[in-house]
Amino acid sequence: QVQLVESGGGLVQAGGSLRLSCATSGRTFSTYAMGWFRQAPGKEREFVAAISWSWSGIGDTYYANSVKGRFTISRDNAKNTVYLQMNSLKPEDTAVYYCATDNTPASAYMDSRAFKTWGQGTQVTVSS
């Protein structure tokens, strides 16, 4: 059974940085796409970033417009882990961040319904 465990969330001031990690187990990590989504109170879950499957560990990356240039998604196949480096954080980035995985085509990365396996989430709070 596939399991995803996020870590790295916390409280940070606006302009600061955090790095989220999502450790996976239970299947061949390199052959599945990985995504990050977030959900703020009272709002729907939204796409943040995704990275394609990759034997080399590099992968193609995709970002929501709201985080482009500030967030970076990467994967380490040797550690079965995907990362989300978040810089220049803003109060509107406050949310629970979830990682997800599946055999999802790139055309569907922005759709949370295209990912069937999810982590438990990690809280990110950005103070102004």
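This report describes the aromatic contacts, the largest pocket and one strand residue of a predicted model.

## Aromatic pairs and cluster

Seven aromatic pairs are found in a search of the whole structure. In one of these, W53 and W55 meet edge-to-face, with 5.9 Å centre to centre and 85° between the planes; W53 is partly exposed, at a relative accessible area of 45%, whereas W55 counts as exposed, at 62%.

Y62 and Y109 also form an edge-to-face pair, 5.1 Å centre to centre and with 80° between the planes. This pair links distant parts of the chain, since Y62 belongs to strand 6 (residues 61-63) and Y109 to the loop between strand 9 (95-102) and strand 10 (117-118), 47 residues apart. Y62 is partly exposed, with a relative accessible area of 30%, while Y109, at 3%, counts as buried. Both tyrosines belong to one aromatic cluster, which F37, F47, Y98, F115 and W118 complete.

## Charges over rings

The ring of W118, a member of that cluster, has the charged end of R45 over it, 4.7 Å from the ring centre. A further arrangement of this kind involves R75, whose charged end sits over the ring of F29 at 4.4 Å from its centre.

## The largest pocket

The largest pocket holds about 180 Å³ of space. Its lining comprises 13 residues, of which R38, A40, K43, E46 and E92 are the closest to the centre; by class, the lining divides into eight charged, three polar and two nonpolar residues.

## Surroundings of S21

S21 lies in strand 3 (residues 18-25) and counts as buried because its relative accessible area, 16%, is under 20%. Leaving aside residues up to four places away in sequence, S21 touches V5, E6, S7, W36, T81, V82 and Y83.

Terms used. Residues numbered from 1 in each chain as written. Predicted model: local features only at pLDDT ≥ 70, side-chain atom pairs only at ≥ 80, totals over all residues. Heavy atoms only, no water. 1 Å grid on protein atoms, 1.4 Å probe; cavity = no way out; pocket = protein on both sides within 12 Å on 5 of 7 lines; lining within 4 Å. Points joined across faces, edges and corners; volume = space filled by probe spheres on them. Nonpolar A, V, L, I, M, F, W, Y, C, P; charged D, E, K, R; others polar. Helix = DSSP H or I, 4+ residues; strand = E, 2+ residues; numbered from the N terminus. Buried < 20%, exposed > 50% of the residue type's maximum accessible area, 1.4 Å probe, protein only. Contact = heavy atoms within 4.5 Å. Phe/Tyr/Trp six-rings, centres within 6.5 Å; stacked < 30°, edge-to-face > 60°. Lys NZ or Arg CZ within 6 Å of the ring centre and 35° of its normal.
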